[in-house]
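User: I am new to reading protein models, and I would like to learn how to look at contacts between side chains and at empty spaces. Could we go through them step by step?

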Amino acid sequence: MDEVMKKQLEATAVKVRMGIIEGVYNAKSGHPGGSLSVADVLTYLYFARMHVDPKDPKKPDRDRLVLSKGHTAPALYSVLAQRGFFEVEELKTLRKIGSRLQGHPDMKYIPGVDMSSGSLGQGISCAVGMALSGKISCDSYRVYAVLGDGELEEGQVWEAAMFAAHNKLDNLTAVVDNNGLQIDGKITDVCSPMPITDKFAAFGWHVIIADAHDFDSLEKAFDEAESVVGQPSVIVQTSVKGKGVSFMENQVGWHGTAPNAEQYAQAMSELQAQLDSIEQ
Amino acid sequence: MADIVKKATRESYGEALAELSEVYPDLIVLDADLAAATKTGIFKKACPERFYDCGIAEANMMGIAAGLAATGKKVFASSFAMFAAGRAFEQVRNSIGYPHLNVKIGATHAGISVGEDGATHQCNEDIALMRTIPGMVVINPADHVEAKAAVKAALEYEGPVYLRFGRLAVPVFNDESTYKFEMGKGVQLKDGSDVTIIATGLMVNEAMGAAEKLSSEGISARVINIHTIKPIDREIITKAAKETGVIVTAEEHSVIGGLGSAVAEVVTETAPVPVIKVGVNDVFGHSGPAVDLLKEFGLSADNIAAKAKEAVKLK
């Protein structure tokens, strides 16, 4: 990836993180930790990979993304706002009465949201259905599904994995956001889904490992996924929960807690400093 | 008297899908390893390239159906009622109901008439579960003719529909050449003034039998077939309540949450009259031949007639 592009993506990802903090702070609730860990991959997908048109969000031949870890909706909304699907200002309405920006993604009203999701384990099945649909009618679009690592504890994920491999859905790329933490603690302490890579390989998937916070690594991973024929791919991205806000990083307590005014100010000032340093 | 033709509505489901496959090139049918039993195998034979077996994984099947519908396909997802409405309830609610996707759920082997497989497979709760999902249409056809027409109507309708079919061969009493299915409209099969019997599914034929028995005893019973339990025909129910003063409901389903509850919900608001419910009385079923089980659990013309006689005394 060329340096100009990379810098643009890095700057955009910081703005996406600011939108996440803005939304969750104004809502006084929500899930900042996992939103911050997927901010880079969603930025990469919507700004450098997926064929989407903010002016025509329902364009039939667009690429689709299902945020199976739907509680990280603040990240998806912030990316969609930055991409021009709606105003960035609207992020402040997150989770409020009358807002389109529901606590979990709602495809009926939010421009750019391809599937309603949030009940863990279900989004991946819907993405598999979309990929199957593309195969049936020989459409060229690709389907992306973003899952949490804790989400892999849901049995439905493996039902979907089995079906996708059986039907050779090579137009499907799943991303597992491997930040290592879930609500009750470390994934390895709660009910370990490890080893993630071996499990997907055993289910017939092409497995790729990537650094969730390195755009070169992400680009390489998605290039590889797109080149695979005859099987679905999964990118297991090693990520940092709370990435970008020092006091939220790797802290399980920030899974589903909103910052107070002081924490909000500190988070925004840290992110502003990151943006200034990129844009220097 | 001509022989009564009997046919299971699951057969009608499979046949209808196969016929409609020619009209709708974007019709996709899913099953979860029960194609031979749900009769989607008939569609599979006619149209193998548009049939997908999801294996024994009903939750995933509902999500796949949602994904197919979200990309413009017309989808039927099929399994036994126990697994379609029971096991996959939350997937149906969140992946299909909440986004209001155009998925049709073809649920066969509903009710106690599953027979020998016993309680684990006899779903008497599906109507209750499905009708609590906002925007979900719930249809329980009474015979072969109605079932085929219902499948076509569901396909032509945009939005989620739950269709309930049976395993047992039941009498075909509708005339295919004149029958018209109107979603959401009850059908008055017989007029009457003393009591109204409101029935659904295989109990409609029993209700007609009950009305005949009652007639011979001087009781005039109105019979209404409610094939669409949601949205329910409030008008026909209210009219019956006002004109006959008492209602008996009959369904092959728990008395909790099904047709009887739906009818009672209407009349308590519009024309309060006693509603006596014939159904499975909050118990699990057990193994046995379907016809014997129906009798044992009071899902018969005789029991409906007996309840109707009691009901009339409440006026």
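**Salt bridges, spaces and a cysteine**

Analyst: Let us begin with one pair in this predicted model: Glu217(B) and Lys309(B) form a salt bridge, in which the closest N and O atoms are 2.8 Å apart. Glu217(B) sits in the loop between H9 and strand E11 (221-225) of chain B, while Lys309(B) belongs to helix H13 of chain B, so the pair ties together parts that are 92 residues apart in sequence. Glu217(B) is partly exposed, at 47% relative accessible area, and Lys309(B), at 30%, is partly exposed as well.

User: How many salt bridges does the structure hold over all chains?

Analyst: The count over all chains is 24. One of them, in chain A, joins the side chains of Asp170(A) and Lys135(A), at 2.5 Å from N to O. Asp170(A) lies in the loop between helix H5 (155-166) and strand E3 (172-178) of chain A, and Lys135(A) in helix H4 (residues 122-136), so that this pair links parts of the chain 35 residues apart. Asp170(A) counts as buried because its relative accessibility is 14%, under the 20% limit for that word, whereas Lys135(A), at 37%, is partly exposed.

User: What separates Glu243(B) and Lys239(B) within helix H10 of chain B?

Analyst: They are 4 residues apart in helix H10 (residues 234-244), which means that about one helical turn separates them. Their salt bridge has its closest N and O atoms 3.7 Å apart, and Asp191(B) and Arg222(B) are linked with these two residues in a network of salt bridges.

User: Where does the largest cavity lie with respect to the domains of chain B?

Analyst: A cavity is a space where a probe fits but cannot get out, and the search of the whole structure finds 1 of 30 Å³ or more. The largest cavity holds about 120 Å³ of space, and 14 residues line it, with Thr9(B), Asn140(B), Phe165(B), Gly166(B) and Leu202(B) the closest to its centre. Because domain 1 (6-171) and domain 2 (187-313) of chain B both give residues to its lining, the cavity lies between them.

User: Which helix gives the most to the lining of the largest pocket?

Analyst: That is H9(B), with 4 residues. The largest pocket has about 440 Å³ of space, and its lining divides into 11 nonpolar, 3 polar and 4 charged residues.

User: How many disulfides are there over all chains?

Analyst: The count is 0. Cys126(A), for instance, is in no disulfide, since the nearest cysteine sulfur, that of Cys54(B), is 12 Å away, and a disulfide needs two such atoms within 2.5 Å. Cys126(A) is also buried, with a relative accessible area of 0%.

How values were computed
Residues are numbered from 1 along each chain as its sequence is written. Chains are lettered from A and ligands numbered from 1 in the order in which they are written. This is a predicted model: local features need pLDDT of at least 70, side-chain atom pairs count only at pLDDT 80 or more; totals for chains, interfaces and linings use all residues. Side-chain values use heavy atoms; hydrogens and water are left out. Buried means under 20% relative accessible area, exposed over 50%, partly exposed in between (1.4 Å probe, protein chains only). On a 1 Å grid over the protein atoms alone, a cavity is a set of points where a 1.4 Å probe fits but cannot get out, and a pocket is an open set with protein on both sides within 12 Å along at least five of seven lines; lining residues have an atom within 4 Å of a point. Grid points are joined across faces, edges and corners, and a volume is the space filled by probe spheres set on the points. Domain bounds come from an automatic or database domain assignment. Helices (H or I, at least four residues) and strands (E, at least two) are DSSP runs, numbered from the N terminus. Ala, Val, Leu, Ile, Met, Phe, Trp, Tyr, Cys and Pro count as nonpolar, Asp, Glu, Lys and Arg as charged, and the others, Gly among them, as polar. A salt bridge is a side-chain nitrogen of Lys or Arg within 4 Å of a carboxyl oxygen of Asp or Glu.
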